[in-house]
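Hi,

Here is the structure you asked for. My notes follow below it.

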Amino acid sequence: MKNYFKPNLLLSIPSLHFSRQNPKLYFHTNTHFVEQLQHSKTLNSVISIHSNILKIGFLTDTYTTNHLLNAYLRQKEIQNAHQLFDEMSQPNVVSWTSLMAGYINNRKPWVALRLFETMPKDQVLPNSFTFTTAINACSFLADVETGRKIHAHVEILGLKSDLVVCTSLVDMYGKCNDVVEAQKVFDTMVYRNVVSWTSMMVVYVQNALGEEALLLFREFILFMSPNHFMLTSVISACSSLGRLVTGKVTHGAVIRRGYDGNDVVASSLVDMYAKCGCITYSRKVFRLIVNPGVIPFTSMVVGAAKYGQGNLSLDLFEEMIERGIRPNDVTFLGVLHACSHSGLVDIGLEHLNSMYTKHGIVPDAKHYICAVDMLGRLGRLDEAYQLAKTISTEAKEVALLWGSLLSASRSHGRLDLTVEAGKKLLELKQQLAGTYIKDATYAFYAGDMSSCTRGTEIMNVLRELELRMKERGYVSGSKGLVFVDVEEEAEEAIVGLHSEKLALGFSLISMPRGMTIRIMKNLRMCLNCHEAFKLISDVVKRDIVVRDLNRFHHFKDGLCTCKDFW
DNA sequence: TTAGGGTTAG
(Lines give C-alpha, C1' and ligand atoms only; values in the text may rest on other atoms or scores of the structure.)
Protein backbone atom coordinates (compact mmCIF):
# COMPACT_ATOMS: atom_id res chain seq x y z
CA MET A 1 0.00 0.00 0.00
CA LYS A 2 2.95 2.29 -0.45
CA ASN A 3 1.19 4.13 -3.21
CA TYR A 4 -1.46 5.25 -0.75
CA PHE A 5 0.96 7.69 0.83
CA LYS A 6 1.06 10.45 -1.65
CA PRO A 7 1.77 14.00 -0.57
CA ASN A 8 -1.21 15.59 1.04
CA LEU A 9 -2.17 18.45 -1.19
CA LEU A 10 -5.80 18.69 -0.30
CA LEU A 11 -5.80 19.09 3.43
CA SER A 12 -3.16 20.19 5.84
CA ILE A 13 -5.10 20.37 9.06
CA PRO A 14 -3.43 19.00 12.20
CA SER A 15 -4.93 15.63 13.12
CA LEU A 16 -5.37 16.74 16.71
CA HIS A 17 -8.53 18.63 15.80
CA PHE A 18 -10.23 15.65 14.22
CA SER A 19 -10.60 13.27 17.07
CA ARG A 20 -13.98 11.84 17.93
CA GLN A 21 -13.84 14.05 20.99
CA ASN A 22 -14.90 16.86 18.72
CA PRO A 23 -18.07 15.32 17.18
CA LYS A 24 -19.15 18.35 15.16
CA LEU A 25 -15.82 18.72 13.43
CA TYR A 26 -15.61 14.95 13.05
CA PHE A 27 -18.97 14.86 11.26
CA HIS A 28 -18.11 17.69 8.88
CA THR A 29 -14.72 16.25 7.95
CA ASN A 30 -16.24 12.84 7.46
CA THR A 31 -18.90 14.27 5.12
CA HIS A 32 -16.18 16.15 3.29
CA PHE A 33 -14.19 12.95 2.61
CA VAL A 34 -17.26 11.05 1.53
CA GLU A 35 -18.24 13.78 -0.91
CA GLN A 36 -14.72 13.87 -2.32
CA LEU A 37 -14.73 10.10 -2.76
CA GLN A 38 -18.10 10.12 -4.47
CA HIS A 39 -16.85 12.65 -6.98
CA SER A 40 -13.40 11.14 -7.48
CA LYS A 41 -12.81 10.43 -11.15
CA THR A 42 -9.21 9.19 -11.22
CA LEU A 43 -7.09 6.73 -9.30
CA ASN A 44 -4.72 9.51 -8.27
CA SER A 45 -7.50 11.47 -6.65
CA VAL A 46 -8.65 8.36 -4.75
CA ILE A 47 -5.10 7.71 -3.52
CA SER A 48 -4.79 11.32 -2.46
CA ILE A 49 -8.03 11.22 -0.46
CA HIS A 50 -6.97 7.90 1.03
CA SER A 51 -3.74 9.48 2.19
CA ASN A 52 -5.66 12.31 3.87
CA ILE A 53 -8.02 9.89 5.56
CA LEU A 54 -5.06 7.96 6.93
CA LYS A 55 -3.42 11.09 8.28
CA ILE A 56 -6.50 12.15 10.14
CA GLY A 57 -7.20 8.70 11.40
CA PHE A 58 -10.61 8.10 9.84
CA LEU A 59 -9.70 4.70 8.50
CA THR A 60 -11.18 3.18 11.61
CA ASP A 61 -14.56 4.46 10.53
CA THR A 62 -16.31 1.69 8.57
CA TYR A 63 -18.72 4.01 6.79
CA THR A 64 -15.95 6.25 5.40
CA THR A 65 -13.74 3.28 4.55
CA ASN A 66 -16.60 1.66 2.64
CA HIS A 67 -16.78 4.77 0.50
CA LEU A 68 -13.04 4.54 -0.06
CA LEU A 69 -13.35 0.83 -0.91
CA ASN A 70 -15.99 1.58 -3.51
CA ALA A 71 -14.00 4.46 -4.93
CA TYR A 72 -11.14 2.00 -5.59
CA LEU A 73 -13.58 -0.49 -7.09
CA ARG A 74 -14.96 2.15 -9.44
CA GLN A 75 -11.40 2.55 -10.70
CA LYS A 76 -11.21 -1.25 -11.20
CA GLU A 77 -8.50 -1.37 -8.53
CA ILE A 78 -9.51 -4.69 -7.08
CA GLN A 79 -6.14 -5.44 -5.46
CA ASN A 80 -5.98 -2.13 -3.62
CA ALA A 81 -9.61 -2.54 -2.63
CA HIS A 82 -8.99 -6.02 -1.22
CA GLN A 83 -5.93 -4.86 0.70
CA LEU A 84 -7.94 -1.99 2.18
CA PHE A 85 -10.68 -4.49 3.09
CA ASP A 86 -8.07 -6.68 4.86
CA GLU A 87 -6.86 -3.67 6.82
CA MET A 88 -10.33 -2.71 8.00
CA SER A 89 -10.85 -3.22 11.71
CA GLN A 90 -14.57 -3.92 11.40
CA PRO A 91 -15.72 -4.63 7.84
CA ASN A 92 -19.51 -4.79 7.77
CA VAL A 93 -21.97 -6.37 5.36
CA VAL A 94 -21.60 -3.41 2.98
CA SER A 95 -17.82 -3.89 2.87
CA TRP A 96 -18.19 -7.60 2.11
CA THR A 97 -20.87 -7.09 -0.53
CA SER A 98 -18.95 -4.29 -2.20
CA LEU A 99 -15.86 -6.45 -2.50
CA MET A 100 -17.88 -9.35 -3.85
CA ALA A 101 -19.45 -7.11 -6.50
CA GLY A 102 -15.99 -5.78 -7.30
CA TYR A 103 -14.72 -9.27 -8.04
CA ILE A 104 -17.70 -10.00 -10.28
CA ASN A 105 -17.06 -6.80 -12.22
CA ASN A 106 -13.43 -7.86 -12.55
CA ARG A 107 -14.51 -11.16 -14.08
CA LYS A 108 -13.64 -13.22 -11.04
CA PRO A 109 -17.06 -14.31 -9.80
CA TRP A 110 -15.64 -17.40 -8.08
CA VAL A 111 -13.77 -15.14 -5.64
CA ALA A 112 -17.08 -13.44 -4.85
CA LEU A 113 -18.58 -16.84 -3.98
CA ARG A 114 -15.61 -17.68 -1.77
CA LEU A 115 -16.08 -14.41 0.11
CA PHE A 116 -19.77 -15.21 0.44
CA GLU A 117 -18.92 -18.53 2.11
CA THR A 118 -16.39 -16.88 4.44
CA MET A 119 -18.65 -14.10 5.65
CA PRO A 120 -20.58 -15.97 8.38
CA LYS A 121 -17.30 -17.26 9.86
CA ASP A 122 -16.35 -13.63 10.29
CA GLN A 123 -19.57 -13.01 12.20
CA VAL A 124 -21.07 -10.93 9.40
CA LEU A 125 -24.47 -12.03 8.14
CA PRO A 126 -25.40 -11.56 4.48
CA ASN A 127 -28.43 -9.42 3.63
CA SER A 128 -30.56 -9.15 0.49
CA PHE A 129 -27.87 -7.11 -1.27
CA THR A 130 -25.31 -9.83 -0.56
CA PHE A 131 -27.65 -12.57 -1.77
CA THR A 132 -28.31 -10.69 -5.00
CA THR A 133 -24.57 -10.33 -5.55
CA ALA A 134 -23.93 -14.01 -4.84
CA ILE A 135 -26.72 -15.04 -7.23
CA ASN A 136 -25.21 -12.74 -9.81
CA ALA A 137 -21.88 -14.58 -9.41
CA CYS A 138 -23.66 -17.91 -10.10
CA SER A 139 -25.25 -16.35 -13.13
CA PHE A 140 -21.83 -15.38 -14.53
CA LEU A 141 -20.49 -18.86 -13.85
CA ALA A 142 -23.69 -20.59 -15.04
CA ASP A 143 -23.34 -22.49 -11.76
CA VAL A 144 -26.90 -23.65 -11.22
CA GLU A 145 -26.02 -25.98 -8.34
CA THR A 146 -24.64 -23.20 -6.15
CA GLY A 147 -27.46 -21.01 -7.41
CA ARG A 148 -30.04 -23.50 -6.16
CA LYS A 149 -28.39 -23.65 -2.72
CA ILE A 150 -28.44 -19.87 -2.45
CA HIS A 151 -32.06 -19.90 -3.63
CA ALA A 152 -32.89 -22.30 -0.77
CA HIS A 153 -31.35 -19.85 1.72
CA VAL A 154 -33.38 -17.04 0.16
CA GLU A 155 -36.56 -19.04 0.84
CA ILE A 156 -35.54 -19.94 4.39
CA LEU A 157 -34.62 -16.37 5.28
CA GLY A 158 -37.88 -15.03 3.88
CA LEU A 159 -36.23 -12.91 1.20
CA LYS A 160 -38.68 -14.21 -1.37
CA SER A 161 -40.56 -10.94 -1.40
CA ASP A 162 -37.45 -8.96 -2.35
CA LEU A 163 -37.91 -7.76 -5.92
CA VAL A 164 -34.21 -7.53 -6.73
CA VAL A 165 -33.29 -10.90 -5.22
CA CYS A 166 -36.05 -12.61 -7.20
CA THR A 167 -35.12 -10.83 -10.42
CA SER A 168 -31.54 -11.99 -10.04
CA LEU A 169 -32.83 -15.55 -9.49
CA VAL A 170 -34.87 -15.37 -12.71
CA ASP A 171 -31.80 -14.15 -14.56
CA MET A 172 -29.57 -16.81 -12.98
CA TYR A 173 -31.86 -19.70 -13.89
CA GLY A 174 -32.19 -18.32 -17.40
CA LYS A 175 -28.42 -18.09 -17.88
CA CYS A 176 -28.21 -21.71 -16.67
CA ASN A 177 -30.88 -22.72 -19.23
CA ASP A 178 -33.41 -23.71 -16.58
CA VAL A 179 -36.42 -21.93 -18.05
CA VAL A 180 -38.92 -23.85 -15.91
CA GLU A 181 -37.30 -22.75 -12.66
CA ALA A 182 -36.93 -19.16 -13.90
CA GLN A 183 -40.63 -19.13 -14.74
CA LYS A 184 -41.54 -20.56 -11.35
CA VAL A 185 -39.67 -17.77 -9.57
CA PHE A 186 -41.23 -15.16 -11.85
CA ASP A 187 -44.74 -16.53 -11.41
CA THR A 188 -44.50 -16.51 -7.63
CA MET A 189 -42.96 -13.07 -7.27
CA VAL A 190 -44.77 -10.83 -4.83
CA TYR A 191 -43.78 -7.67 -6.69
CA ARG A 192 -42.75 -7.20 -10.30
CA ASN A 193 -41.48 -4.23 -12.24
CA VAL A 194 -40.22 -3.57 -15.75
CA VAL A 195 -36.82 -5.08 -14.85
CA SER A 196 -38.28 -8.39 -13.68
CA TRP A 197 -40.53 -8.62 -16.75
CA THR A 198 -37.56 -7.89 -19.00
CA SER A 199 -35.49 -10.54 -17.23
CA MET A 200 -38.15 -13.14 -17.86
CA MET A 201 -38.44 -12.14 -21.50
CA VAL A 202 -34.69 -12.40 -21.93
CA VAL A 203 -34.77 -15.87 -20.38
CA TYR A 204 -37.20 -16.92 -23.11
CA VAL A 205 -35.24 -15.30 -25.94
CA GLN A 206 -31.92 -16.75 -24.81
CA ASN A 207 -33.46 -20.18 -24.60
CA ALA A 208 -34.94 -20.16 -28.12
CA LEU A 209 -38.47 -19.41 -26.91
CA GLY A 210 -39.05 -16.19 -28.78
CA GLU A 211 -42.79 -16.77 -29.10
CA GLU A 212 -43.15 -17.01 -25.33
CA ALA A 213 -41.15 -13.79 -25.00
CA LEU A 214 -43.55 -11.97 -27.32
CA LEU A 215 -46.58 -13.40 -25.53
CA LEU A 216 -45.18 -12.14 -22.23
CA PHE A 217 -44.60 -8.74 -23.78
CA ARG A 218 -48.21 -8.57 -24.97
CA GLU A 219 -49.27 -9.23 -21.41
CA PHE A 220 -46.87 -6.61 -20.05
CA ILE A 221 -48.01 -3.74 -22.29
CA LEU A 222 -51.57 -4.12 -21.05
CA PHE A 223 -50.62 -2.34 -17.85
CA MET A 224 -47.06 -1.02 -18.07
CA SER A 225 -44.95 0.99 -20.45
CA PRO A 226 -41.82 -0.57 -21.96
CA ASN A 227 -38.43 1.10 -21.68
CA HIS A 228 -35.48 0.73 -24.01
CA PHE A 229 -34.22 -2.39 -22.21
CA MET A 230 -37.48 -4.13 -22.81
CA LEU A 231 -37.85 -2.96 -26.41
CA THR A 232 -34.35 -4.28 -27.11
CA SER A 233 -35.47 -7.67 -25.82
CA VAL A 234 -38.57 -7.55 -28.02
CA ILE A 235 -36.41 -6.78 -31.06
CA SER A 236 -34.12 -9.64 -30.08
CA ALA A 237 -37.14 -11.96 -29.90
CA CYS A 238 -38.19 -10.80 -33.38
CA SER A 239 -34.68 -11.52 -34.70
CA SER A 240 -34.74 -15.03 -33.34
CA LEU A 241 -38.11 -15.68 -34.94
CA GLY A 242 -37.52 -13.84 -38.20
CA ARG A 243 -40.59 -11.75 -37.43
CA LEU A 244 -39.97 -8.77 -39.65
CA VAL A 245 -43.32 -7.09 -39.29
CA THR A 246 -43.34 -7.31 -35.51
CA GLY A 247 -39.76 -6.05 -35.63
CA LYS A 248 -40.83 -3.06 -37.69
CA VAL A 249 -43.67 -2.31 -35.32
CA THR A 250 -41.21 -2.40 -32.43
CA HIS A 251 -38.88 -0.13 -34.39
CA GLY A 252 -41.79 2.29 -34.66
CA ALA A 253 -42.26 2.14 -30.89
CA VAL A 254 -38.54 2.78 -30.41
CA ILE A 255 -38.73 5.91 -32.55
CA ARG A 256 -41.92 7.19 -30.94
CA ARG A 257 -40.39 6.84 -27.51
CA GLY A 258 -37.15 8.48 -28.54
CA TYR A 259 -34.91 5.47 -27.98
CA ASP A 260 -33.55 5.35 -31.51
CA GLY A 261 -30.40 7.18 -30.44
CA ASN A 262 -29.50 4.36 -28.07
CA ASP A 263 -26.60 2.26 -29.39
CA VAL A 264 -27.78 -1.00 -27.90
CA VAL A 265 -31.27 -0.59 -29.33
CA ALA A 266 -29.80 0.36 -32.72
CA SER A 267 -27.49 -2.69 -32.68
CA SER A 268 -30.42 -4.97 -32.00
CA LEU A 269 -32.29 -3.38 -34.92
CA VAL A 270 -29.30 -3.82 -37.24
CA ASP A 271 -29.22 -7.48 -36.29
CA MET A 272 -32.97 -7.92 -36.56
CA TYR A 273 -33.21 -6.48 -40.07
CA ALA A 274 -30.23 -8.55 -41.22
CA LYS A 275 -31.75 -11.74 -39.82
CA CYS A 276 -35.05 -10.92 -41.49
CA GLY A 277 -33.33 -10.49 -44.83
CA CYS A 278 -33.48 -6.70 -44.99
CA ILE A 279 -29.82 -5.83 -45.14
CA THR A 280 -30.72 -2.45 -46.69
CA TYR A 281 -32.63 -1.55 -43.55
CA SER A 282 -29.75 -2.77 -41.42
CA ARG A 283 -27.47 -0.38 -43.28
CA LYS A 284 -29.90 2.50 -42.84
CA VAL A 285 -30.15 1.94 -39.10
CA PHE A 286 -26.42 1.37 -38.80
CA ARG A 287 -25.56 4.63 -40.56
CA LEU A 288 -27.73 6.52 -38.10
CA ILE A 289 -25.58 5.41 -35.18
CA VAL A 290 -23.35 8.37 -34.33
CA ASN A 291 -20.27 6.50 -33.12
CA PRO A 292 -20.82 2.81 -33.74
CA GLY A 293 -18.68 0.57 -31.56
CA VAL A 294 -17.57 -3.00 -32.03
CA ILE A 295 -21.00 -4.57 -31.55
CA PRO A 296 -23.00 -2.59 -34.15
CA PHE A 297 -20.06 -2.92 -36.56
CA THR A 298 -19.94 -6.66 -35.96
CA SER A 299 -23.70 -6.95 -36.44
CA MET A 300 -23.29 -5.26 -39.81
CA VAL A 301 -20.21 -7.31 -40.81
CA VAL A 302 -21.96 -10.57 -39.91
CA GLY A 303 -25.28 -9.50 -41.43
CA ALA A 304 -23.70 -8.53 -44.75
CA ALA A 305 -21.62 -11.73 -44.81
CA LYS A 306 -24.64 -13.92 -44.23
CA TYR A 307 -26.55 -12.39 -47.07
CA GLY A 308 -23.79 -12.83 -49.58
CA GLN A 309 -22.57 -9.25 -49.58
CA GLY A 310 -18.99 -10.27 -48.86
CA ASN A 311 -17.44 -7.10 -50.21
CA LEU A 312 -19.69 -4.92 -48.10
CA SER A 313 -18.76 -6.99 -45.09
CA LEU A 314 -15.03 -6.60 -45.75
CA ASP A 315 -15.39 -2.87 -46.46
CA LEU A 316 -17.12 -2.43 -43.13
CA PHE A 317 -14.35 -4.35 -41.43
CA GLU A 318 -11.75 -2.06 -43.00
CA GLU A 319 -13.78 0.97 -41.97
CA MET A 320 -13.90 -0.17 -38.37
CA ILE A 321 -10.13 -0.72 -38.31
CA GLU A 322 -9.57 2.74 -39.80
CA ARG A 323 -11.77 4.22 -37.12
CA GLY A 324 -9.63 2.57 -34.46
CA ILE A 325 -12.33 0.20 -33.26
CA ARG A 326 -10.84 -3.06 -32.05
CA PRO A 327 -12.47 -6.12 -33.61
CA ASN A 328 -13.11 -9.20 -31.49
CA ASP A 329 -13.54 -12.93 -32.09
CA VAL A 330 -17.13 -12.50 -33.29
CA THR A 331 -16.12 -9.84 -35.79
CA PHE A 332 -13.60 -12.25 -37.29
CA LEU A 333 -16.22 -14.96 -37.62
CA GLY A 334 -18.18 -12.53 -39.75
CA VAL A 335 -15.10 -11.64 -41.81
CA LEU A 336 -14.23 -15.31 -42.42
CA HIS A 337 -17.82 -16.01 -43.30
CA ALA A 338 -17.75 -13.15 -45.82
CA CYS A 339 -14.54 -14.46 -47.42
CA SER A 340 -15.91 -17.98 -47.51
CA HIS A 341 -19.01 -16.95 -49.37
CA SER A 342 -17.26 -14.64 -51.77
CA GLY A 343 -14.57 -17.13 -52.75
CA LEU A 344 -11.86 -14.97 -51.17
CA VAL A 345 -9.98 -17.85 -49.61
CA ASP A 346 -6.51 -16.36 -49.49
CA ILE A 347 -7.78 -13.08 -48.09
CA GLY A 348 -9.73 -15.10 -45.53
CA LEU A 349 -6.62 -17.03 -44.52
CA GLU A 350 -4.72 -13.76 -44.21
CA HIS A 351 -7.41 -12.47 -41.87
CA LEU A 352 -7.24 -15.68 -39.86
CA ASN A 353 -3.48 -15.27 -39.45
CA SER A 354 -3.78 -11.59 -38.61
CA MET A 355 -6.18 -12.31 -35.76
CA TYR A 356 -3.37 -12.98 -33.34
CA THR A 357 -0.46 -11.27 -35.03
CA LYS A 358 -2.21 -7.93 -35.59
CA HIS A 359 -5.06 -7.95 -33.11
CA GLY A 360 -3.97 -10.26 -30.31
CA ILE A 361 -7.04 -12.49 -30.59
CA VAL A 362 -6.44 -16.23 -30.36
CA PRO A 363 -8.59 -17.98 -32.98
CA ASP A 364 -10.81 -20.73 -31.57
CA ALA A 365 -12.39 -23.84 -33.11
CA LYS A 366 -15.18 -21.81 -34.72
CA HIS A 367 -12.69 -19.76 -36.72
CA TYR A 368 -10.82 -22.84 -37.89
CA ILE A 369 -14.06 -24.58 -38.83
CA CYS A 370 -14.96 -21.56 -40.90
CA ALA A 371 -11.55 -21.76 -42.59
CA VAL A 372 -12.07 -25.48 -43.36
CA ASP A 373 -15.43 -24.63 -44.88
CA MET A 374 -13.86 -21.82 -46.89
CA LEU A 375 -11.12 -24.08 -48.30
CA GLY A 376 -13.61 -26.87 -48.99
CA ARG A 377 -15.94 -24.65 -50.96
CA LEU A 378 -13.17 -23.67 -53.31
CA GLY A 379 -12.05 -27.26 -53.77
CA ARG A 380 -8.83 -26.92 -51.76
CA LEU A 381 -9.81 -30.10 -50.03
CA ASP A 382 -6.43 -31.46 -49.00
CA GLU A 383 -5.66 -28.24 -47.14
CA ALA A 384 -9.14 -28.33 -45.64
CA TYR A 385 -8.69 -31.92 -44.49
CA GLN A 386 -5.25 -31.26 -42.97
CA LEU A 387 -6.63 -28.31 -41.06
CA ALA A 388 -9.75 -30.22 -39.97
CA LYS A 389 -7.61 -32.97 -38.42
CA THR A 390 -5.93 -30.45 -36.12
CA ILE A 391 -9.19 -29.14 -34.64
CA SER A 392 -10.39 -30.57 -31.36
CA THR A 393 -13.66 -29.22 -30.06
CA GLU A 394 -17.06 -30.17 -28.65
CA ALA A 395 -19.37 -32.68 -30.36
CA LYS A 396 -21.75 -30.15 -31.91
CA GLU A 397 -18.90 -28.34 -33.60
CA VAL A 398 -17.21 -31.58 -34.64
CA ALA A 399 -20.39 -32.53 -36.49
CA LEU A 400 -20.41 -29.15 -38.19
CA LEU A 401 -16.77 -29.48 -39.16
CA TRP A 402 -16.94 -32.93 -40.72
CA GLY A 403 -20.40 -32.32 -42.15
CA SER A 404 -19.02 -29.30 -43.96
CA LEU A 405 -16.04 -31.25 -45.26
CA LEU A 406 -18.26 -34.14 -46.31
CA SER A 407 -20.46 -31.81 -48.29
CA ALA A 408 -17.47 -30.11 -49.97
CA SER A 409 -15.75 -33.42 -50.77
CA ARG A 410 -18.92 -34.77 -52.28
CA SER A 411 -19.56 -31.77 -54.47
CA HIS A 412 -15.95 -31.78 -55.69
CA GLY A 413 -16.01 -35.50 -56.41
CA ARG A 414 -13.39 -36.46 -53.81
CA LEU A 415 -14.57 -39.89 -52.84
CA ASP A 416 -11.59 -40.52 -50.53
CA LEU A 417 -12.31 -37.50 -48.37
CA THR A 418 -16.06 -38.06 -48.54
CA VAL A 419 -15.48 -41.46 -46.98
CA GLU A 420 -13.07 -40.04 -44.38
CA ALA A 421 -15.48 -37.31 -43.35
CA GLY A 422 -18.36 -39.80 -43.32
CA LYS A 423 -16.39 -42.05 -40.98
CA LYS A 424 -15.74 -39.19 -38.59
CA LEU A 425 -19.44 -38.35 -38.55
CA LEU A 426 -20.35 -41.96 -37.95
CA GLU A 427 -17.90 -42.21 -35.04
CA LEU A 428 -19.42 -39.11 -33.56
CA LYS A 429 -22.93 -40.45 -34.01
CA GLN A 430 -21.99 -43.64 -32.19
CA GLN A 431 -20.48 -41.66 -29.36
CA LEU A 432 -23.61 -39.62 -29.04
CA ALA A 433 -26.06 -42.50 -29.53
CA GLY A 434 -26.34 -43.16 -25.83
CA THR A 435 -27.25 -39.60 -25.08
CA TYR A 436 -30.14 -39.24 -27.54
CA ILE A 437 -33.51 -38.70 -25.94
CA LYS A 438 -36.97 -38.51 -27.37
CA ASP A 439 -37.97 -35.21 -28.90
CA ALA A 440 -34.44 -33.89 -28.60
CA THR A 441 -32.19 -32.48 -31.25
CA TYR A 442 -32.71 -32.82 -34.96
CA ALA A 443 -29.41 -31.49 -36.20
CA PHE A 444 -28.94 -32.01 -39.90
CA TYR A 445 -26.70 -30.41 -42.36
CA ALA A 446 -26.96 -29.39 -45.96
CA GLY A 447 -26.19 -32.25 -48.25
CA ASP A 448 -26.14 -34.72 -45.43
CA MET A 449 -29.58 -35.74 -44.38
CA SER A 450 -28.24 -39.09 -43.25
CA SER A 451 -26.87 -37.49 -40.09
CA CYS A 452 -30.37 -36.54 -38.99
CA THR A 453 -32.19 -39.20 -37.03
CA ARG A 454 -35.48 -38.50 -38.84
CA GLY A 455 -33.87 -37.28 -42.01
CA THR A 456 -35.75 -39.61 -44.35
CA GLU A 457 -39.06 -38.67 -42.85
CA ILE A 458 -38.33 -34.96 -43.15
CA MET A 459 -37.06 -35.36 -46.69
CA ASN A 460 -40.27 -37.16 -47.66
CA VAL A 461 -42.40 -34.31 -46.40
CA LEU A 462 -40.24 -31.76 -48.10
CA ARG A 463 -40.46 -33.71 -51.37
CA GLU A 464 -44.21 -33.75 -50.97
CA LEU A 465 -44.17 -29.99 -50.50
CA GLU A 466 -42.12 -29.55 -53.62
CA LEU A 467 -44.42 -31.81 -55.58
CA ARG A 468 -47.45 -29.84 -54.56
CA MET A 469 -45.70 -26.61 -55.41
CA LYS A 470 -44.92 -27.99 -58.84
CA GLU A 471 -48.57 -28.86 -59.29
CA ARG A 472 -49.28 -25.19 -58.85
CA GLY A 473 -46.79 -24.10 -61.43
CA TYR A 474 -43.64 -23.79 -59.35
CA VAL A 475 -40.42 -24.64 -61.13
CA SER A 476 -37.86 -26.14 -58.80
CA GLY A 477 -34.43 -24.62 -58.61
CA SER A 478 -32.55 -22.34 -56.30
CA LYS A 479 -35.64 -20.25 -55.62
CA GLY A 480 -38.46 -21.42 -53.50
CA LEU A 481 -38.41 -23.77 -50.62
CA VAL A 482 -35.40 -23.50 -48.38
CA PHE A 483 -35.42 -26.02 -45.68
CA VAL A 484 -32.07 -26.95 -44.34
CA ASP A 485 -30.54 -24.62 -41.84
CA VAL A 486 -27.38 -24.61 -39.77
CA GLU A 487 -25.34 -24.89 -42.92
CA GLU A 488 -24.85 -21.94 -45.16
CA GLU A 489 -26.34 -23.50 -48.25
CA ALA A 490 -29.71 -22.48 -46.96
CA GLU A 491 -28.60 -18.92 -46.63
CA GLU A 492 -27.13 -18.98 -50.08
CA ALA A 493 -30.52 -19.90 -51.38
CA ILE A 494 -31.93 -16.88 -49.61
CA VAL A 495 -29.29 -14.75 -51.28
CA GLY A 496 -30.27 -16.41 -54.50
CA LEU A 497 -33.57 -14.61 -54.33
CA HIS A 498 -31.77 -11.28 -54.52
CA SER A 499 -34.87 -9.23 -54.66
CA GLU A 500 -35.42 -7.59 -51.31
CA LYS A 501 -39.10 -7.75 -52.03
CA LEU A 502 -39.01 -11.51 -51.91
CA ALA A 503 -36.49 -11.81 -49.14
CA LEU A 504 -38.54 -9.50 -46.96
CA GLY A 505 -41.13 -12.04 -46.16
CA PHE A 506 -39.43 -15.22 -45.21
CA SER A 507 -40.51 -16.71 -42.02
CA LEU A 508 -38.21 -18.56 -39.77
CA ILE A 509 -39.48 -21.09 -37.36
CA SER A 510 -36.85 -21.90 -34.85
CA MET A 511 -37.11 -24.74 -32.48
CA PRO A 512 -35.10 -25.34 -29.37
CA ARG A 513 -31.84 -27.17 -29.65
CA GLY A 514 -30.81 -26.98 -33.18
CA MET A 515 -33.48 -27.52 -35.72
CA THR A 516 -34.58 -24.67 -37.91
CA ILE A 517 -36.67 -24.73 -41.01
CA ARG A 518 -37.09 -21.78 -43.26
CA ILE A 519 -39.91 -21.24 -45.66
CA MET A 520 -39.55 -18.49 -48.20
CA LYS A 521 -42.27 -16.01 -48.78
CA ASN A 522 -42.72 -17.05 -52.39
CA LEU A 523 -43.81 -20.41 -51.12
CA ARG A 524 -47.02 -18.66 -50.19
CA MET A 525 -47.59 -17.93 -53.83
CA CYS A 526 -47.24 -21.56 -54.75
CA LEU A 527 -48.74 -23.35 -51.82
CA ASN A 528 -51.03 -22.57 -48.98
CA CYS A 529 -48.62 -21.62 -46.29
CA HIS A 530 -50.67 -22.97 -43.43
CA GLU A 531 -50.66 -26.31 -45.11
CA ALA A 532 -46.88 -26.24 -45.36
CA PHE A 533 -46.43 -25.33 -41.73
CA LYS A 534 -48.85 -28.02 -40.70
CA LEU A 535 -47.00 -30.64 -42.67
CA ILE A 536 -43.72 -29.72 -41.12
CA SER A 537 -45.12 -29.56 -37.63
CA ASP A 538 -46.55 -33.05 -38.18
CA VAL A 539 -43.09 -34.30 -38.95
CA VAL A 540 -41.32 -32.70 -36.08
CA LYS A 541 -44.20 -33.28 -33.67
CA ARG A 542 -43.95 -29.88 -32.16
CA ASP A 543 -46.45 -27.14 -31.83
CA ILE A 544 -45.60 -24.51 -34.31
CA VAL A 545 -47.51 -21.29 -34.24
CA VAL A 546 -48.79 -20.71 -37.71
CA ARG A 547 -48.12 -17.20 -38.82
CA ASP A 548 -50.43 -15.58 -41.24
CA LEU A 549 -48.03 -14.49 -43.91
CA ASN A 550 -50.83 -12.75 -45.78
CA ARG A 551 -50.35 -9.94 -43.33
CA PHE A 552 -47.30 -8.94 -45.29
CA HIS A 553 -49.67 -7.48 -47.84
CA HIS A 554 -50.72 -4.84 -45.39
CA PHE A 555 -47.29 -3.48 -44.76
CA LYS A 556 -45.24 -1.52 -47.15
CA ASP A 557 -41.72 -0.24 -46.68
CA GLY A 558 -41.42 2.05 -43.76
CA LEU A 559 -42.62 1.74 -40.27
CA CYS A 560 -45.85 0.33 -39.17
CA THR A 561 -47.45 2.05 -36.23
CA CYS A 562 -50.06 -0.54 -35.56
CA LYS A 563 -49.65 -0.79 -31.83
CA ASP A 564 -51.69 -3.88 -31.19
CA PHE A 565 -49.75 -5.97 -33.64
CA TRP A 566 -47.44 -7.51 -31.05
C1' DT B 1 -27.92 4.70 3.65
C1' DT B 2 -21.65 3.15 1.43
C1' DA B 3 -23.27 -2.55 -1.45
C1' DG B 4 -27.64 -5.71 -5.25
C1' DG B 5 -31.44 -6.94 -10.61
C1' DG B 6 -32.81 -6.43 -16.88
C1' DT B 7 -30.72 -4.96 -23.10
C1' DT B 8 -27.00 -5.70 -28.45
C1' DA B 9 -23.08 -9.13 -32.49
C1' DG B 10 -21.46 -15.71 -33.24
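The side chain of Asn 193 has an N or O atom 3.0 Å from a base nitrogen of DNA strand B. That is a polar contact (a pair of N or O atoms within 3.5 Å). The side chain of Ser 199 puts an N or O atom 3.3 Å from a sugar or linking oxygen of the strand. For Asn 136, the partner is a phosphate oxygen of DNA strand B, at 3.4 Å.

This is a predicted model: local features need pLDDT of at least 70, side-chain atom pairs count only at pLDDT 80 or more, and totals for chains, interfaces and linings use all residues. Residues are numbered from 1 along each chain as its sequence is written, chains are lettered from A and ligands numbered from 1 in the order written, and side-chain values use heavy atoms, without hydrogens and water.

In total, 43 residues surround DNA strand B, each with a heavy atom within 4 Å of it. Asn 127, Phe 129, Asp 162, Asn 227 and Asn 328 are the closest. Of the strand atoms within 4 Å of the protein, 39% belong to sugar and phosphate.

Now the repeats. An unreviewed UniProt entry annotates "repeat: PPR" at residues 61-91, 92-126, 162-196 and 293-327. Such annotations may be inferred rather than shown by experiment. Residues 61-91 are 74% helix and 0% strand, with end C-alpha atoms 10 Å apart. Residues 162-196 are 71% helix and 0% strand, with end C-alpha atoms 11 Å apart. Helices here are DSSP runs (H or I, at least four residues), and strands are E runs of at least two.

Best wishes

Conventions. Polar contact = N/O pair within 3.5 Å; in protein donor to acceptor, adjacent residues only side chain to side chain.
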